[in-house]
Amino acid sequence: MNDPGVRATFAGNIPQLYEEYLVPLIFEPYATDLGSRVASCQPSRVLEIAAGTGVVTRQLAKNLPAGVSIVATDLSQAMLDQAAAVGVARAVEWRQADALQMPFPDEAFDAVVCQFGVMFFPDKARAFSEARRVLRPGGRFMFNVWDSIDKNEFADAVTSALEVLFPNDPPRFLARIPHGYHDPAVIERDLAQGGFTKPPNVVTMTARSRASTARVPAVAYCQGTPLRSEIEALGASRLAEATDKAADAMARQFGPGPVDGKIQALVIAAERQ
């Protein structure tokens, strides 16, 4: 995350809720995929940006040989603290850093990886330029972004439920940011502006999101993401009401539990020339 306003909302108990609920709900299958893609490049030094609570970091530590250096960064120290508390299989350097101005020398890494973080960057071309700067020639920049919200059933259901509860000013964080940067042409343009002149490889990856009850996705999205701040801005006491409303809507659409819904993302790989 690289918007200071968003960083402020990844505080309190949000990192714990994020790790407990969102990681198994939506992030783990994509982390497994991204970790494998990075390992296939056989890098010797890897930089992760917007590492969050470390779901990809753990995959990198598992998949990469012990001699491969892993540096995991995030703008939010609270998220990094949670990642470090969960732990990894081997040594990782955790470092607070801004993806728009990274504290690393030119050509320091063979691979740069980012899971569902670029959507938060206020200047994506600048962040891509920084990723390119720290990559060695021939290095790979691999990241993923969520597809549109209508292709991600749980997030769409929660957003629709909150539109009913708050008709005059619905909280639209999920549609606006996590699911708001998915046009391959726009992504390719921003990468080119950042210096990645070769067209990227873009793959659509569909997976399933599963939870034991309908309330789990409601808590995950309403309380474990910056959507929480938008809800609380409409009334400090309305978070519980919004979570209940989202859970009821989820139960009507998917059943009380276990629940199963489609998730879809784009996986992008760009090479530094």
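A salt bridge here is a side-chain nitrogen of Lys or Arg within 4 Å of a carboxyl oxygen of Asp or Glu. The model is predicted, so that local features need pLDDT of at least 70 and side-chain atom pairs count only at pLDDT 80 or more, while totals for chains, interfaces and linings use all residues. Residues are numbered from 1 along each chain as its sequence is written, and side-chain values use heavy atoms, with hydrogens and water left out.

Select Arg 189 and Asp 190 to begin: their closest N and O atoms are 3.0 Å apart, and the two form a salt bridge. Asp 190 is buried at 6% relative accessible area (buried is under 20%, exposed over 50%, partly exposed in between, with a 1.4 Å probe and protein chains only), whereas Arg 189, at 45%, is partly exposed.

Next, select strand E4, residues 109-115, where 6 of the 7 residues are buried; strands (E, at least two residues) and helices (H or I, at least four) are DSSP runs numbered from the N terminus. E4 runs parallel to strand E5, residues 135-146, and 6 bridges join them, with strands counted as paired if DSSP finds at least two bridges between them.

Now add helix H5, residues 124-134, and look inside it for Glu 130 and Arg 133, which lie 3 residues apart, about one turn of the helix. Their side chains meet in a salt bridge of 2.8 Å, N to O, and Asp 106 joins both of them in a network of salt bridges.
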